[in-house]
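The following paragraphs are intended to be read beside the model. Please keep both the sequence and the three-dimensional view at hand.

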Amino acid sequence: MQTISGQCSCGKIAYHYPAPALQIVACHCGLCRRMTGAALSSYVVVKEAELVFTQGQELLKSYTVTSRTQRHFCTDCGTPLYNSNQETYAGLSMLYLGTVNQHESLSPRMDIYCENKLPWLSTADSSRHFEQTPRKP
């Protein structure tokens, strides 16, 4: 995917990213499970400075999940659009995979917090697996 676009469930917020994803990640941590109600969260990592909201930015609200992490969502339909963590991943936004148009063509290449992965869940053999999360060098 050369560019990325997407929107919330109600379609009132839309975004565009003019380049391919930096990484596609599946996170197995308990915090992601609690925030989404799903077995894991999948994210498309992009540069924050290049992510443009093309409509509905006034409907975007942030929720402070931890002292480092913010979740950004649509105030009308509640769809989580992206997470940010300015301490650990400064300058990056983690778009929720399900909000990306044509997300069916994307698959995670990295699994993180595998130490918390649910035992009944299987992941792609082609992805890299980390017990926690890799850090920038």
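A strand, as the word is used here, is a DSSP run of type E with at least two residues, and strands are numbered from the N terminus. The model under discussion is a predicted one. With that term in place, the protein can be described as having 1 helix and 11 strands. Along the sequence these elements follow the pattern β-β-β-α-β-β-β-β-β-β-β-β.

The overall figures come next. The protein has 137 residues, of which 43% count as buried. Its accessible surface comes to about 7500 Å², and carbon and sulfur atoms account for 50% of that area. Among contacts between residues at least 6 apart in sequence, 51% join residues at least 24 apart.

The interior may be approached through its nonpolar cores. The largest of them has 20 residues, and those with the most contacts inside it are Ile4, Ile13, Tyr15, Val44, Phe53, Leu81 and Leu95. At least two residues of this core are supplied by each of strand S2 (14–17), strand S4 (41–47) and strand S8 (80–85). A second, separate core consists of 14 residues, including Val25, Val65, Tyr89 and Met94.

Leucine 81 deserves individual attention. When its neighbours within four places in sequence are left aside, leucine 81 is in contact with Gln7, Cys8, Ile13, Tyr15, Leu60, His72, Phe73, Cys74, Met94, Leu95, Tyr96 and Thr99. Among these partners are Ile13, Tyr15 and Leu95, which were named above for their contacts inside the largest core.

Asparagine 85 is also found in strand S8. Is asparagine 85 buried or exposed? Its relative accessible area is 7%; because buried means under 20%, the residue is classed as buried. A polar atom of the side chain of asparagine 85 lies 3.1 Å from the backbone nitrogen of glutamate 87. Beyond the neighbours within four places in sequence, asparagine 85 is in contact with Arg68, Thr69, Ala90 and Met94. Of these, Met94 is included in the second core.

Glycine 98 offers a contrasting case. This residue lies in the loop between strand S9 (92–96) and strand S10 (110–112). Glycine 98 counts as exposed because its relative accessibility is 59%, and the cut-off for that class is over 50%. Where does glycine 98 stand with respect to proline 80? The two residues are 18 residues apart in sequence, and their C-alpha atoms are 9.4 Å apart in space.

Note on methods
Residues numbered from 1 in each chain as written. Predicted model: local features only at pLDDT ≥ 70, side-chain atom pairs only at ≥ 80, totals over all residues. Heavy atoms only, no water. Core = buried A, V, L, I, M, F, W, Y, C linked by side-chain atoms within 4.5 Å. Buried < 20%, exposed > 50% of the residue type's maximum accessible area, 1.4 Å probe, protein only. Helix = DSSP H or I, 4+ residues; strand = E, 2+ residues; numbered from the N terminus. Contact = heavy atoms within 4.5 Å. Polar contact = N/O pair within 3.5 Å; in protein donor to acceptor, adjacent residues only side chain to side chain. Areas by Shrake-Rupley, 256 points an atom, 1.4 Å probe, with all protein chains shown as cover.
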